[in-house]
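Work through the exercises below on charged side-chain pairs. Each task is followed by a solution in steps.

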Amino acid sequence: MKAARLHAFDKPLSVDDVETPEPGEGQVLVRVAACGACHSDVHLATGEWDAFKPRMPMPLVLGHEVAGIVVGKGKGVERLQQGDRVGIPWFFHTCGSCEYCRKDLEVFCSASQVTGVTVHGGFAEYIVAWESHTIPIPKSLPLAAAAPLFCAGGTVFSALAKVNLDETVHLAVWGAGGLGHYGIQLGKLAGARVTAVDLRAEKLGAAKKAGADAAVSADEAAAWFGEPANQADVALVCATAAEAYQAAFRALKRNGTLLVVGIPSKPLSWMAGDLIRSGVRIVPSRVASRAELRDIVALAAQDRVRSEIQTFPLQEIQTVMSRLSAGEIFGRAVVVP
């Protein structure tokens, strides 16, 4: 099969001929129909995330937002049949028995395996997956539109599930791109007032189309949120700049909530006095559980949440990585092998 592989950190991916994997017991073979390209793939490819580097089997097939069709089964597979449509998310496998897995907090499982990180991912024509960790995709949902839900959409869904959103809440979304456009839609679906913030004018225009009540340039955010009527109850930061977090913190009302989703390369810091005086709660969110993924897939299948996508052939994988790094893609880039 063809697969896009990372041979060395901070080097271009290459599309290689490799052996098609075979499913083991409890696993299925999936023909990849689409795989979303995530900014996490850029971090991994450049070697920025030191904690993962020792666990990455090089040369590595990246890609962790996978949607495809079951074409083969290993022993013991009962639920899935050939032809079934499935998604394969960030967590390739979790143990199911630790205290976190038992509490539906499997995102903290210390024995987890990660798709496209510790095992080969979806920038390929085929991938193996555990039957237990695949997510069914309804026929009403196109596979290319489904793929980004298995990281980007699920991550934002999980973050917003940690707060109570309704018509009394003003939600500010920092970063109106790949993750942010899900935040805008989910916020409006809950009835909240939503303001999108971004540096790029074209993303602000797209944010309005996605349903944002207001779209504010990051350069003007301090003045805009400085008006008492515009202060936010909740700030969801999808941007990867430390400056976005500082701005979002200042935009919040007292006793507001700052949701941490985007991962900057610089440390984040606040004075203890600022936290005490503001009462702001800082709540991190790490991807999504299988239950949460099933929920957002159901919303998408009902056309209540939409993925704004741009598709690319596998041979253009390095173009995708370069454009992601430069912030030139609104919505999600999806690789179609």
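**Exercise 1.** In this predicted model, decide whether Arg 200 is buried, partly exposed or exposed, and do likewise for its partner Glu 202.

Solution.
- Arg 200 has a relative accessibility of 31%. Partly exposed covers values between the 20% and 50% cut-offs, so Arg 200 is partly exposed.
- Glu 202 has a relative accessible area of 52%. Exposed means over 50%, so Glu 202 is exposed.
- The two residues form a salt bridge, with 3.5 Å between the closest N and O atoms. The cut-off is 4 Å, so the pair qualifies.

**Exercise 2.** Apply the same steps to Glu 99 and Lys 103, which form a salt bridge.

Solution.
- The closest N and O atoms of Glu 99 and Lys 103 are 3.9 Å apart. The pair counts because this distance is within 4 Å.
- Glu 99 has a relative accessible area of 40%, so it is partly exposed.
- Lys 103 reaches 56% and is therefore exposed.

**Exercise 3.** Which parts of the chain does the salt bridge between Asp 16 and Arg 5 link, and are these residues buried or exposed?

Solution.
- The closest N and O atoms of Asp 16 and Arg 5 lie 2.9 Å apart.
- Asp 16 belongs to strand 2 (residues 14-17) and Arg 5 to strand 1 (residues 2-6). With their positions 11 residues apart, the pair links distant parts of the chain.
- Both Asp 16 and Arg 5 are buried.

**Exercise 4.** How many salt bridges does the model contain under the 4 Å rule?

Solution.
- The count comes to 12 salt bridges, among them the pair Asp 16 and Arg 5.

Conventions:
Residues are numbered from 1 along each chain as its sequence is written. This is a predicted model: local features need pLDDT of at least 70, side-chain atom pairs count only at pLDDT 80 or more; totals for chains, interfaces and linings use all residues. Side-chain values use heavy atoms; hydrogens and water are left out. A salt bridge is a side-chain nitrogen of Lys or Arg within 4 Å of a carboxyl oxygen of Asp or Glu. Helices (H or I, at least four residues) and strands (E, at least two) are DSSP runs, numbered from the N terminus. Buried means under 20% relative accessible area, exposed over 50%, partly exposed in between (1.4 Å probe, protein chains only).
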